[in-house]
Amino acid sequence: MTGRIGIEALNVHAGFAQLSTAELFEGRGLDRERIGHLMMRARSIALPCEDPITNAVNAAAPIVNRLAPQDKERIELILASSESGVDFSKSITSYVHEFMGLSRKCRVMEVKQACYAATGALQIAAGYLASGVSPGAKALVIATDVSMVDARAGYAEPATGTGASAMLLGDDPRVLALDLGAFGAHAYETMDSARPMPDHDIADVDGSLFAYLDCLSNSFADYCGKVSDVDLRTTFDQLALHTPFAGLVKAAHRKLMREQARATPDAVEADFAARVSPSLVYPSQVGNLCSGSVYLALASLIDNAPYRGTARVGLFSYGSGCASEFFSGLIDEGSRAALAELDIAGRLNARIPLSFAEYTELLAENSRCLVPIENRKIEVERYRRFLDARPDGREPVLAYRGTEGYHRTYEWV
Amino acid sequence: MDHSDIFEAVRRNLGVVVYDLDTTTVTLDNSLADLGCNSIDRAEVVTLTMEDMGISVPVMEFQQTRDIRSLVALLARHSA
């Protein structure tokens with residue numbers, strides 16, 4: 001058995017364009033009083049030359065490119081989690097494996113369980129690494145998705161993002177050392193949201209909120225059943241939760257504090273500010289990244305929370321349908337240094353702001369991203385000003401340039 | 001469990017969640033949305049009431065509730 005297992009590197013790619021929440025509310029004629037309830041500032045918007053594969057590669061490349069060749073060779077498992085599949089049979093991961101130039105001695109596959117899938121993949125990968133069957137092995141877990149919301153989504157439209165979170169797992173967990181065995185799961189079939197077609201999402205907003213809150217209480221109870229002497233207030237120095245929109249995380253924290261700690265409203269508010277709000281800085285600028293969302297929240301927490309020394313983080317992942325898990329791990333000041341190398345905040349700030357009119361023009365094209373078409377051409381050059389605006393401008397990014405005989409084609413820009 | 005006890009719990013929790021609501025005006029015919037509850041507020045009112053009354057209801061059954069009368073009836077059915 002191995003000792004410490006966890007996240008060695010974590011990166012988020014959240015596109016090259018953004019739309020402010022105020023601009024979208026104005027454009028759609030939504031009730032501005034509800035901006036406060038969403039707690040959103042902006043969301044990432046995809047370009048037609050982006051898809052789940054470019055998102056995955058552009059999130060993972062800065063991690064993989066920093067590895068020594070002998071470490072890169074030890075990536076033996078790649079799991080992409082997505083609710084934005086591009087084919088019924090062929091996985092997103094097969095393309096990612098190719099463009100990352102990874103070893104051919106590698107397990108490659110895709111997993112799906114709405115916004116939970118990356119956590120399931122992470123736990124399966126961690127179990128493999130901890131089993132000791134291949135000492136020193138590494139695994140790449142990438143949560144990647146694109147948004148399919150439009151005006152029909154109502155208030156979910158301003159809260160939905162696009163992008164990917166990539167994590168390298170191994171026995172040198174510089175970012176987060178998992179508390180192996182400390183987890184609680186809760187799952188059951190329900191129809192709260194789904195993507196029945198490649199260009200259309202459906203959601204029962206109330207049903208999804210209930211299921212999220214229900215799963216949080218029940219997965220936390222299962223965690224407490226497996227780990228002795230858990231106290232919500234003292235066991236976890238920080239919390240990072242799946243963030244469909246920041247306002248829901250606030251309600252979820254309030255519910256758990258009331259149930260577990262009998263906390264007064266003032267105590268809940270102070271606790272939220274200290275332990276949860278650092279995790280919402282990036283999500284409120286990006287929107288929901290589906291199964292990458294909780295890892296965007298973790299990155300936000302590490303970059304923004306003023307913790308010192310070692311801190312235990314409680315994490316909650318929820319995916320419609322539904323499945324959920326509460327688990328935990330340790331971060332330290334090395335986590336902050338590891339994330340700083342990738343400058344997630346700098347890349348979020350470099351996203352080019354769109355007007356509402358520019359956004360709706362892109363939306364029509366983006367809605368075709370996952371629709372199976374035998375041949376299609378994308379003029380990557382049209383989007384060059386977006387792709388060139390990134391702060392790490394000289395590091396190439398992958399762009400989707402169309403489909404030939406159902407084979408998706410890409411180029412490095 | 002008595003419907004009136006559950007209604008009183010719903011009314012009390014509406015006051016907790018919607019600070020500026022005069023709860024004396026709340027009737028069984030109102031919907032939570034009419035009373036100014038957004039989706040998170042609605043979830044809060046229902047979960048607080050379930051906690052107060054020690055009731056557990058499968059989450060998707062709330063889809064059928066349109067007004068406070070049907071919400072109270074649903075909670076009462078699961079309190080037996």
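Hi everyone. Let's start with one pair of residues: Arg376(A) stands opposite Thr403(A), which belongs to strand β16(A). Before I go on, please keep in mind that this is a predicted model.

That pair sits where β15, residues 376-377 of chain A, meets β16(A); the two strands run antiparallel and are joined by 2 bridges. The other residue of β15 to mention is Lys377(A), which stands opposite Gly402(A) in β16(A).

Now look at the other partner. Strand β17, residues 407-412 of chain A, pairs with β16(A) over 6 bridges, again in the antiparallel sense. Here Ala399(A) stands opposite Glu411(A) of β17(A). These two strands form a hairpin with 2 residues between them, and Gly405(A) in that turn has a positive phi of about 55°.

Put together, we have an open sheet of 3 strands in the order β15-β16-β17, with antiparallel pairing. Why do β15 and β17 of chain A each have one side without a neighbour in the sheet? Both stand at the edges with a single partner strand, so nothing in the sheet flanks that side. As for β16, residues 398-404 of chain A, 5 of its 7 residues are buried, so to speak mostly covered.

Next, the pockets, which may appeal to the modellers here. The second largest pocket holds about 850 Å³ of space. Its lining counts 30 residues, and those nearest the centre are Arg254(A), Val17(B), Tyr19(B), Asp41(B) and Glu44(B). Which helices supply at least two lining residues each? From chain A they are α2 (35-38), α9 (246-261) and α10 (265-276), and from chain B they are α1 (3-17) and α2 (39-53). Of these, α2(B) gives the most, with 7 residues. Sorted by class, the lining has 12 nonpolar, 11 charged and 7 polar residues.

Last, the nonpolar cores. The largest has 68 residues, and Tyr212(A), Val10(B), Leu14(B), Phe62(B), Ile68(B) and Leu75(B) have the most contacts inside it. Helix α7 of chain A, residues 205-226, gives the most to this core, with 9 residues.

Let me zoom in on Leu75(B). Leaving aside neighbours within four places in sequence, Leu75(B) is in contact with Ile6(B), Val10(B), Thr49(B), Met50(B), Ile55(B), Val57(B) and Phe62(B). There is also a second, separate core of 54 residues, and among its members are Ala9(A), Ala60(A), Leu102(A) and Phe356(A).

That's my tour. Thanks for listening, and I'm happy to go back to any part of it.

Technical notes. Residues numbered from 1 in each chain as written. Chains lettered and ligands numbered in written order. Predicted model: local features only at pLDDT ≥ 70, side-chain atom pairs only at ≥ 80, totals over all residues. Heavy atoms only, no water. Buried < 20%, exposed > 50% of the residue type's maximum accessible area, 1.4 Å probe, protein only. Helix = DSSP H or I, 4+ residues; strand = E, 2+ residues; numbered from the N terminus. Pairing = 2+ DSSP bridges. 1 Å grid on protein atoms, 1.4 Å probe; cavity = no way out; pocket = protein on both sides within 12 Å on 5 of 7 lines; lining within 4 Å. Points joined across faces, edges and corners; volume = space filled by probe spheres on them. Nonpolar A, V, L, I, M, F, W, Y, C, P; charged D, E, K, R; others polar. Core = buried A, V, L, I, M, F, W, Y, C linked by side-chain atoms within 4.5 Å. Contact = heavy atoms within 4.5 Å.
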